[in-house]
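Reader: I would like the reasoning behind the labels on this model. Take me through them one at a time.

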Amino acid sequence: MNLGSRLKTTLRQKSMTVIQLSKASGVPAQTIYALINRDSNKADLTILGKLLSALDMDFFTFMDGKEPAESEAAACHTIAVSADSCEKLLALAREAGIEDQTVIQSIFEEYIKAGFGCHPTSFASLISSYVS
């Protein structure tokens, strides 16, 4: 199921309209309608972050299409990240002198929880917290 279909299903499950989501998220209704009708897997991360925040959902719950059980909340999820993006993030860690894969994985996990840079927390600031 693509983003548009998931968004349409989520709105139905939450008994919410596009207009209500627009008002709650600050994303224009026209943009939300376009996401639903286009039904692709491409969306601006800032917009997606605003929509998920208004829906009170995290990315993984949204993509799973169901509310996670308590025990599933800490489960490991797989995300597709382009090799180019991954290399850029790894290069930032290496520039900061971080080579330990466990530390790099922890930074990636924090970055994912922070919404892939959709929130004020940047990857570079997370790295600096590990270096200081």
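Reader: Why is Thr10 called buried?

Author: This is a predicted model, and the label rests on a computed value. Thr10 has a relative accessible area of 3%. Buried means under 20%, so Thr10 is buried. Thr10 lies in helix H1. Leaving out residues up to four places away in sequence, Thr10 touches Leu55, Met57 and Phe62.

Reader: What makes Val103 partly exposed?

Author: The relative accessible area of Val103 is 24%. Buried would need a value under 20%, and exposed one over 50%. The value for Val103 falls in between, so the residue is partly exposed. Val103 is found in helix H7, residues 101-113. Its C-alpha atom is separated by 9.4 Å from that of Ala93, which is 10 residues away along the chain.

Reader: How do you know that the buried residues of H3 line one face of the helix?

Author: Start with the residues. In helix H3 (residues 29-38), Ala29, Ile32, Leu35 and Ile36 are buried. Seen down the axis of H3, they fall within an arc of 120°, so they line one face. The face turned away from that buried side carries the exposed residues Gln30, Asn37 and Arg38.

Reader: What covers the buried residues of H3?

Author: The cover includes helix H1 (3-13), helix H2 (18-25) and helix H4 (45-54). After H3 comes Asp39, with a positive phi near 50°.

Reader: Why is H2 called oblique to H3?

Author: The axes of H2 and H3 cross at roughly 125° and come within 9 Å. Roughly perpendicular covers 65 to 115 degrees, and roughly antiparallel needs over 145. The H2 and H3 angle fits neither class, so H2 is oblique to H3. The crossing is right-handed.

Reader: Which residues of H2 and H3 meet, and how does their contact divide by class?

Author: From H2 come Val18, Ile19, Leu21, Ser22 and Ser25. They meet Ala29, Ile32, Tyr33 and Ile36 in H3. By class, this contact has 7 nonpolar, 2 polar and no charged residues. Ser is outside the nonpolar and charged lists, so Ser22 and Ser25 count as polar.

Reader: At what angle do H1 and H3 pack?

Author: At about 115°, with their axes 6 Å apart. The crossing of H1 and H3 is left-handed. Gly4, Leu7, Lys8 and Leu11 in H1 meet Ile32, Leu35 and Ile36 in H3.

Reader: What makes the class count of the H1 and H3 contact?

Author: The contact has 5 nonpolar, 1 polar and 1 charged residues. Lys counts as charged, so Lys8 is the charged residue. Gly counts as polar, so Gly4 is the polar one. Leu and Ile count as nonpolar.

Reader: What puts the buried residues of H4 on the same side?

Author: The buried residues of H4 are Leu48, Gly49, Leu51 and Leu52. They cover an arc of only 165° around the axis, which puts them on the same side of H4. They pack against H1, H2, H3 and helix H5 (59-64).

Reader: How many helices and strands are there in the protein chain?

Author: The chain has 8 helices and 0 strands. Its elements run α-α-α-α-α-α-α-α from the N terminus on. Of its 132 residues, 28% count as buried. Among contacts with a separation of 6 or more, residues 24 or more positions apart account for 52%.

Methods
Residues are numbered from 1 along each chain as its sequence is written. This is a predicted model: local features need pLDDT of at least 70, side-chain atom pairs count only at pLDDT 80 or more; totals for chains, interfaces and linings use all residues. Side-chain values use heavy atoms; hydrogens and water are left out. Helices (H or I, at least four residues) and strands (E, at least two) are DSSP runs, numbered from the N terminus. Buried means under 20% relative accessible area, exposed over 50%, partly exposed in between (1.4 Å probe, protein chains only). The arc is that of the directions from the helix axis to the C-beta atoms. Contact means heavy atoms within 4.5 Å. Axes are lines fitted to C-alpha atoms, for helices over the stretch in contact, and angles run from 0 to 180 degrees between N-to-C directions. Angles under 35 degrees count as roughly parallel, over 145 as roughly antiparallel, 65 to 115 as roughly perpendicular and the rest as oblique. A crossing is left-handed if the near helix is turned anticlockwise from the far one by less than a right angle, and right-handed if clockwise.
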